[in-house]
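Please work through the exercises below with the sequence and the structure side by side, trying each task before you read its solution.

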Amino acid sequence: MMTEISFQQEFEIKGGDFVRAGEASCEIKNLLKELGVAMQVVRRAAIVSYEAEMNVIMYAGSGRLDLSVTSDRVQIVVDDRGPGIEDVELAMSEGYSTATPEMRELGFGAGMGLPNIKRNSDIFKIHSKVGRGTRLEMTIRTNGHRL
Amino acid sequence: MTLADIIERMNLKIYAGRTELERPVRGGYASDLLSDVIANGQKDQLWVTLQIHPNIIAVAALKELAAIILVNGREPAAETAVRADKERIPILGTPLSAFEFAGRAYGLGIQER
């Protein structure tokens, strides 16, 4: 029997705030560990939240990350008020990036963010409207892993 | 092998995380792309890089890496060292290039599993 857990928390992410970049993801990782989520799931959730958080910081004015945890899944939903993505299929391809040269010098813009998110999610949905923003929904199942 | 052993044998400079030097080390990963390390780094590895800005600390903390090794004599930015001490992430330095450091460390037996 898995322990029933239910947990929800929101995180505000400020675009361009490289100083605090990664803070939300570190907090999410610690929360999931405290909740007793299996380490394999925690690791995947950490990758997913880090990449989504960095995308908001690099490209959007602001965004919100919603974390919810039940006994059978971890869900991370990120909504941003950013420029949107013109060609989602292209953005999903490994190595493609619209990062500035300055970001690339810092080691961002590898074109691995969205592919990393997809690879580490069991269910991945992306909705984007140019000029409005982007919404990412990621679900990681905890089934089969003891909590 | 522990970090302390590697520091001694590779003659590394310690910039941050002095309380964490008894950590075990299992292998390493060399990359300057943060997403690459997020995707492919593993717990307890040495991370060999030339990036010195504060964001490397979040990456190392998230992946539970053993330490960050700065190559080519690079020194961490002031804010990076402060954050590393807070998150208890050791930052070590070497005058060697990434290639040379990785080769010698591998030769010392710092290999996967």
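**Exercise 1.** Is A:F108 buried or exposed? Decide this first, and then describe the aromatic pair to which A:F108 belongs.

*Solution.* Keep in mind throughout that this is a predicted model. The first step is to look at the relative accessible area of A:F108, which is 4%; since buried means under 20%, A:F108 is buried. The second step is to turn to A:F18, which has 24% relative accessibility and therefore counts as partly exposed. The third step is to compare the two rings: their centres are 5.5 Å apart and their planes stand at 55°. Planes under 30 degrees apart would count as stacked and those over 60 as edge-to-face, so the pair of A:F18 and A:F108 is tilted. The last step is to place both residues along chain A, where A:F18 lies in the loop between β1 (7-14) and α1 (23-34), while A:F108 lies in the loop between α4 (101-105) and α5 (113-119), so the pair ties together parts that are 90 residues apart in sequence.

**Exercise 2.** How many residues of helix α3 (residues 55-63) of chain B are buried? Explain what follows for the surroundings of the helix, and say what comes after it.

*Solution.* Begin by going through the helix residue by residue, and you will find that the buried ones include B:N55, B:I56 and B:I57 at one end and B:L62 and B:K63 at the other. The count comes to nine of the nine residues, which means that helix α3 of chain B is largely enclosed by the rest of the structure. Finally, step beyond the helix to B:E64, which follows α3(B) and has a positive phi, near 55°.

**Exercise 3.** Which residue forms a salt bridge with A:R44? Find the partner, and work out where the two residues sit in the chain.

*Solution.* The partner is A:D122, and the closest N and O atoms of the two residues are 3.2 Å apart, which satisfies the cut-off of 4 Å. Next, locate them: A:R44 is in helix α2 (residues 39-59) of chain A and A:D122 in the loop between α5 and β4 (123-129) of chain A, so that the bridge links distant parts of the chain, 78 residues apart. Then consider accessibility, for A:R44 is buried at 18%, whereas A:D122 is partly exposed at 35%.

**Exercise 4.** Which residue meets A:D66 in a salt bridge?

*Solution.* The side chain of A:D66 meets that of A:R64, with 2.9 Å from N to O. A:D66 is buried, with a relative accessible area of 15%, while A:R64 is partly exposed, with 32%.

Methods:
Residues numbered from 1 in each chain as written. Chains lettered and ligands numbered in written order. Predicted model: local features only at pLDDT ≥ 70, side-chain atom pairs only at ≥ 80, totals over all residues. Heavy atoms only, no water. Phe/Tyr/Trp six-rings, centres within 6.5 Å; stacked < 30°, edge-to-face > 60°. Helix = DSSP H or I, 4+ residues; strand = E, 2+ residues; numbered from the N terminus. Buried < 20%, exposed > 50% of the residue type's maximum accessible area, 1.4 Å probe, protein only.
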